[in-house]
Amino acid sequence: MSDQLNDIEKAALDALDAVTSEDALQAWKTAYIGRSSPLMLVFAGLGKLSKEEKPVVGQAANRVKVALEAAFEERTKAVKDAALAKSLEEEQLDVTLPGRPAPRGRLHPSTVQLRRVLDILAEMGFQVYTSREVETDEYNFQLLNFPLHHPAREMQDSFYIEAEGRGDNPILLRTQTSPGQLRAMREYAATNPQNPPPIRIASPGMCYRYEQITARSEIQFNQVEGLAVGENITFADLKGTLTDFARRMFGQHARVRFRADHFPFTEPSAEMDVECFVCGGKGCSVCRRSGWLEILGCGMVHPNVLMNGGYDPKRYTGFAFGMGPERQAMLRYRIEDIRYFWGNDVRFLGQF
Ligand code: DAH
């Protein structure tokens, strides 16, 4: 019997030597000191032994049991220590390593400039009015006093979407934000047709022209349209408002000048220049030696346009203006090629 116990002990200890994981430890425990292990069967069989054998075998079995339990405890500790050492080794954290930079998104330069324009106009009392990008010829041209034969209405200059069966009123992508003037006037006038309310809006958005793409012209670009309609609005209001706008945009000392121009929907019409902020008016490559930068077109709303909008031109007057945020961003950041704007090159976009 004592040989058998020695065998049991030896087999158990040999098996324990090979144990290196927590799972194997549990399996070993069940197999060698668990309830149905050979050792426990010896204890179970003690009752069948003679009076003399019983204490001898009992003591020997106890000794083996104590020895195996102690060996198990020791092995358990060794396995745990090894696991801990391994995880410390593997998960070493070097707190001196520099962090990985998380790339941050940012606003597109057009959006930045567009918002700057709208912020200023909002401070000056202009409400943002958004109008549709897909327009009818009627709104984009006819109601704005463009004659039917006007060159801007040629197929080569506009993106027409649907022309068939629409006669003189095809559907196109707006070539300018000016049709928003009519949309706004008609909407405002509808609220009180006898006494249409005054209007002061800024209407931003994308415009499209069927052009050859070059460094200076794109087929899509943003515009911001301004419109003020009311009683007793004069050209002096236009000049005052736009001069104030230029100062808020380009600095309190920005000088401006108005040059006569022509647009079908305004009369008189003008172009506003701001003194070149790069050279201070001395003349440089940005202002092409003129000392001035063209910033926007403007004018007094043409009586026909007021009428088309539901405002009686005998009682109401108004001024309008239109400008391009991309052009302003180009001047501001000295961007030399307009194609960068929609080129989606993050090396360009990341600079703003
Ligand atoms: N719509 C004109 C264009 O795209 C810009 C413009 C000029 C708008 C004069 C206006 C204005 O409101 O009064 O070239």
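## Cysteines, a helix and a ligand site

At a relative accessibility of just 1%, C276 counts as buried, a word that here means under 20% relative accessible area, with over 50% called exposed and anything in between partly exposed (1.4 Å probe, protein chains only). This is a predicted model, so local features need pLDDT of at least 70 and side-chain atom pairs 80 or more, while totals for chains, interfaces and linings use all residues. Residues are numbered from 1 along each chain as its sequence is written, and side-chain values use heavy atoms, leaving out hydrogens and water.

Now for the disulfides, meaning pairs of cysteine sulfur atoms within 2.5 Å. Searching the whole structure turns up 0 of them. C207 is in none, its nearest cysteine sulfur being that of C298, 17 Å away. C207 is also buried, at 0% relative accessibility. C276 isn't in a disulfide either: the nearest cysteine sulfur, from C279, is 3.6 Å away.

On to the ligand. It's surrounded by 15 residues, each having a heavy atom within 4 Å of it; the closest are Q176, S178, R209, Q223 and E225. The table lists some polar contacts, that is, pairs of N or O atoms within 3.5 Å.

| Residue | Distance from a polar side-chain atom to a ligand oxygen |
|---|---|
| E225 | 2.6 Å |
| R209 | 2.9 Å |
| Q181 | 3.3 Å |

The protein covers 88% of the 360 Å² of accessible area the ligand has on its own (Shrake-Rupley method, 1.4 Å probe). Strands β6 (220–230), β9 (292–301) and β10 (317–323) each give the shell at least two residues; strands are DSSP E runs of at least two residues.

Terms used
Polar contact = N/O pair within 3.5 Å; in protein donor to acceptor, adjacent residues only side chain to side chain. Helix = DSSP H or I, 4+ residues; strand = E, 2+ residues; numbered from the N terminus.
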